[in-house]
Amino acid sequence: GKIHMSFIIDELDIQGLKILEEKIRFKEIREFIKSLDGKKKAFISLDDFTKIMDMKDGDLIKRALLGKLIVPDFLEFTESIKNIFSIVEGNTGGNNASYIPQLAEVDPNLFAIAACTVDGQQ
């Protein structure tokens, strides 16, 4: 049997792994996927899937597909981060850090949250 590559890529994306976007990690896997038939268009065989699992970062993909990354439910995690963002976004108290000159010059109305796990989920 075969599986559509987009299914795998989409599942990895849900798990927080952006294999088509990252510049360094997943390079060997990305090149292999592209050699099949473009980014997400190919059906892959069990043999091709096994080749991917044997490549550098293949173990990380395996753990992601099995739900064994450090944050097993990354969608729930990102929803929690979004909720925290909405709660604290309106807090305009305080001042920019002045001990770092570059931070002192940042527009105090800008606000963001970024998260990246030890497994590279982002």
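1. Ile33 is a suitable residue with which to open this note. Its relative accessible area is 0%, so Ile33 is buried. The residue belongs to helix H2. Along the chain, Ile33 and Phe43 are 10 residues apart, and their C-alpha atoms are separated by 9.9 Å.

2. The structure is a predicted model, and its confidence values deserve an early remark. Mean pLDDT for the protein is 91, and 96% of its residues reach 70 or more. The lowest confidence falls in helix H2, residues 27–37, with a mean of 85. The highest is found in helix H5, residues 74–88, with a mean of 96. As a general caution, where pLDDT is low, the predicted coordinates should not be read in detail.

3. Helix H1 covers residues 5–14, and its buried residues are Met5, Ser6, Ile8, Ile9 and Leu12. Around the axis these residues take up an arc of only 160°, which means that they are on the same side of H1. Just after this helix, Gly16 adopts a positive phi of about 95°.

4. The loop between H1 and H2 contains Phe26. What is the relative accessibility of Phe26, and is the residue buried or exposed? The value is 1%, and because the cut-off for burial is under 20%, Phe26 counts as buried. The backbone of Phe26 also merits attention: its phi is near 70°, a positive value in a residue other than glycine.

5. Helix H3 runs from residue 46 to residue 54, and Asp48, Ile52 and Met53 are buried in it. Viewed down the axis of H3, these buried residues lie within an arc of 145°, and therefore they line one face of the helix. The exposed residues Leu46, Asp47 and Asp54 are carried on the face of H3 that is turned away from its buried side. The reader may wish to note that Asp48 is listed among the buried residues of H3, whereas Asp47 and Asp54 are listed among the exposed ones.

6. Asp57 is placed in the loop between H3 and H4. Its phi is near 75°, again a positive value in a residue other than glycine.

7. Which residues have the most contacts inside the largest nonpolar core? They are Ile52 and Ile61, in a core of 18 residues. At least two residues of this core come from each of H1, H2, H3 and helix H4, the last of which spans 58–65. H1 gives the most, with 4 residues. In general terms, nonpolar side chains tend to be buried together in soluble globular proteins. Ile52 thus appears twice in this note: as a buried residue of H3, and as one of the two residues with the most contacts inside the core.

8. The largest pocket contains about 390 Å³ of space. Its lining consists of 16 residues, and those nearest its centre are Asn91, Asn96, Pro108, Leu110 and Phe111. How many of the lining residues are nonpolar, polar and charged? The lining has 7 nonpolar, 7 polar and 2 charged residues.

9. Ile100 is located in the loop between H5 and helix H6, the latter being residues 101–104. Its relative accessible area is 33%, so Ile100 is partly exposed. Ile100 and Ala112 are 12 residues apart along the chain, with 18 Å between their C-alpha atoms.

10. The segment after H6 includes Ala114. With a relative accessibility of 76%, Ala114 counts as exposed, because exposed means over 50%. In sequence, Ala114 and Ile81 are 33 residues apart; in space, the C-alpha to C-alpha distance is 8.9 Å.

11. Gln122 is likewise found in the segment after H6. Its relative accessibility is 42%, so Gln122 counts as partly exposed. Between the C-alpha atoms of Gln122 and Phe74 the separation is 8.7 Å, although the two residues are 48 residues apart along the chain.

Terms used
Residues numbered from 1 in each chain as written. Predicted model: local features only at pLDDT ≥ 70, side-chain atom pairs only at ≥ 80, totals over all residues. Heavy atoms only, no water. Buried < 20%, exposed > 50% of the residue type's maximum accessible area, 1.4 Å probe, protein only. Arc of directions from axis to C-beta. pLDDT = per-residue confidence, 0-100. 1 Å grid on protein atoms, 1.4 Å probe; cavity = no way out; pocket = protein on both sides within 12 Å on 5 of 7 lines; lining within 4 Å. Points joined across faces, edges and corners; volume = space filled by probe spheres on them. Nonpolar A, V, L, I, M, F, W, Y, C, P; charged D, E, K, R; others polar. Core = buried A, V, L, I, M, F, W, Y, C linked by side-chain atoms within 4.5 Å.
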